[in-house]
Amino acid sequence: MAANIQAPKGTRDILPKDSGAWQLVEDIMRDEASVHGFEEIRTPVFERTELFERSVGDTTDVVQKEMYTFLDKGNRSISLRPEGTAGVVRAVLEHALMNDGAPQKLYYLIPCYRYENTQEGRQREFHQFGCEAFGAAAPVADAALIALAHSIFERLGIRNLSLEINSIGCPKCRGEYHAALKAFLEASKGELCGTCLTRLEKNPMRILDCKTPSCGEITQNAPVMKDYLCSECAEHFTAVQEYLDAAEIAYTVNPRIVRGLDYYTRTVFEFISNDLGAQSTVCGGGRYDGLVKQMGGAQTPALGFAMGMERLLLVMQAQNITLPRPPVCELYIAPLGRQAQVKAFAFTNLLHQAGIKAECDLCDRSLKAQMKYADKIGAVFTMVLGDEELKQNCAELKHMQTGEKTSISLGEGFLTEFVAVATQTEDNAAMGLDGLTVDFEGFEIFEKED
Ligand code: HAM
């Protein structure tokens, strides 16, 4: 027999038992982004390869080694997006979004693709929540973006994240620094790893980020960008720190944060967790004041960040953070017999129209099996519909946890009576029934009440 096909290496199915947590985290991200005045942008999963070569940088690991690149049937080189910024920049230019005024504040929740060696927290398909702001040059914008990421972590209840910031200057001051760094590293050239040898020529700063122990040792006493910043970049960096201090956001200046993508200028930052193994960066970002122009637009200061959803959820798991999960079923209706089945279906439909999570039997099960199922899905209430109930035109609503039973009319009052009982229980907040008003006039399933 042929072996079952499995998901490709480095990808993961998000199963129903986990998707609730994903949705809650995503809801918090969307809400917080909108509180900060960001609007969602959705761009294609694939773009022309050139877009990433020209923005992320053709000497970066991401572009050189990790992109999923292929020729499409029209012989165009296409790549799955390894990150979100490049596509957003392209879209901002293509649709002239800056004509609507600055700043343009955009967020996205997207799958990304990098052909990496997989390990915990490092996948080939992963998900990013990212925010990008265009047209904001002032240092307060850097602090505002950091504050947005920070408040998401706060709302999620994540503890012990350290925020590390650095400035990697602008092309003006970076030239002098590169020369100094290169001169320093030339002395130990023989001990650099193969990758860093090529970096030495094209992008020596990236060597500071190398995880190979010998490279780490060599760069220990290397010159740092901080000491080479031009006066404008230095002032900008000082001001960013003042704003962070004012917002009481704790941070450390780490001169070794250089980021792995080419487009950054000035402020760069990372949120790091000790609860993750080697892949400790939960969120990374910074300024990229030159990128829009480099991609063919007008000079436009810009900045942003992205956080990895999988890493975030791993930290939450490690810190035993559980988010309140709304029940999947608020009322399970268990019918007995054909007539009751029709009625149960009609009631379920009515409840759905009022936004109430309701289910009835879809598998022709016995009452015992139905109750077992209701228990398994965590139904808050159950209601049995048999001949007797139909005859009496009323049934019993059973609260599954307390066992409390309430008689409920099967006539016109059904929906309001159900909402009244449900809102009296502790579960009402979780069920989202607070203040729920329902309009059920005109439904034909009710028997007329005398
Ligand atoms: P990045 O540091 O390459 O930056 O990725 C951002 C975050 O995505 C990382 O901190 C990590 O949490 C997550 N991540 C990256 N690669 C993987 C992977 N293979 N598996 C799981 N999670 C991963 C960027 O992508 C920039 N576009 C961020 C940015 C936005 N800068 C300015 N604007």
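## Briefing: a ligand and the elements around it

A nitrogen atom of the ligand sits 2.6 Å from an N or O atom in the side chain of Tyr264. With the protein in place, 96% of the 650 Å² of accessible area that the ligand has on its own is covered. Please keep in mind as you look around that this is a predicted model. The points below begin at the ligand, then move to two helices, some backbone details and a few single residues.

**Around the ligand**

- The ligand has 27 residues around it, and those that come nearest are Glu83, Glu116, Glu132, Arg259 and Tyr264.
- An oxygen atom of the ligand lies 2.8 Å from a polar side-chain atom of Arg259.
- The backbone takes part too: an N or O atom of the Val282 backbone is 3.0 Å from an oxygen atom of the ligand.
- Two or more residues of the shell come from each of strand 6 (125–134), strand 10 (281–287) and strand 11 (302–308).
- Which element gives the most to the shell around the ligand? That is strand 10, with six residues.
- By character, the shell residues divide into 10 nonpolar, 10 polar and seven charged.

**Arg259, a ligand neighbour worth a second look**

- Arg259 belongs to the loop between strand 8 (252–253) and strand 9 (265–273).
- Its phi is positive, near 70 degrees, in a residue other than glycine.
- Is Arg259 buried or exposed? Its relative accessibility is 13%, under the 20% cut-off, so Arg259 counts as buried.

**Helix 1**

- Helix 1 covers residues 16–35, 20 residues in all, and spans 29 Å from its first C-alpha to its last, close to the 28 Å expected at 1.5 Å a residue.
- The buried residues here are Gly20, Trp22, Val25, Ile28, Met29, Glu32 and Ala33.
- What do these buried residues pack against? Their partners are strand 5 (104–113), strand 6, helix 5 (139–156), strand 11 and helix 11 (309–318).
- Strand 6 and strand 11, two of these partners, also give residues to the shell around the ligand.
- After helix 1 comes Gly37, with a positive phi near 80 degrees.

**Helix 4**

- Why can helix 4 be called largely enclosed by the rest of the structure? Seven of its 10 residues are buried, so the description fits.
- Those buried residues are Thr85, Ala86, Gly87, Val88, Val89, Ala91 and Val92.
- Their cover includes strand 2 (46–48), helix 2 (49–57), strand 5, strand 6 and helix 10 (291–294).
- Strand 5 and strand 6 are thus a thread between the two helices: they are among the elements packed against helix 1 and among those covering helix 4.
- Helix 4 is followed by Ala96, where phi is positive and near 45 degrees.

**Other backbone details**

- Ala102 and Pro103 are joined by a cis peptide bond, with omega at about -5 degrees.
- Pro103 lies in the loop between helix 4 (85–94) and strand 5.
- Asn320 has a positive phi near 55 degrees, again in a residue other than glycine.
- You will find Asn320 in the loop between helix 11 and strand 12 (331–335).
- Asn320 counts as exposed because its relative accessibility is 67%, over the 50% cut-off.

**Single residues in helix 5 and helix 12**

- His150 is in helix 5 and is partly exposed, with a relative accessible area of 23%.
- Not counting residues up to four places away in sequence, His150 touches Ile249 and Phe271.
- Between His150 and Leu163, 13 residues apart along the chain, the C-alpha atoms are separated by 8.8 Å.
- Helix 12 (residues 338–353) holds Phe347, which counts as buried at 0% relative accessibility.
- Phe347 and Phe414 are 67 residues apart in sequence, with 8.9 Å from C-alpha to C-alpha.
- Gln341 is also found in helix 12, where it counts as partly exposed at 25% relative accessibility.
- Which residues does Gln341 contact, leaving aside its neighbours within four places in sequence? They are Pro335, Asp361 and Asp364.
- Gln341 and Ser407 are 66 residues apart along the chain, and their C-alpha atoms are separated by 20 Å.

Key: Residues numbered from 1 in each chain as written. Heavy atoms only, no water. Near = heavy atom within 4 Å. Polar contact = N/O pair within 3.5 Å; in protein donor to acceptor, adjacent residues only side chain to side chain. Areas by Shrake-Rupley, 256 points an atom, 1.4 Å probe, with all protein chains shown as cover. Helix = DSSP H or I, 4+ residues; strand = E, 2+ residues; numbered from the N terminus. Nonpolar A, V, L, I, M, F, W, Y, C, P; charged D, E, K, R; others polar. Expected span 1.5 Å × (residues − 1). Buried < 20%, exposed > 50% of the residue type's maximum accessible area, 1.4 Å probe, protein only. Contact = heavy atoms within 4.5 Å.
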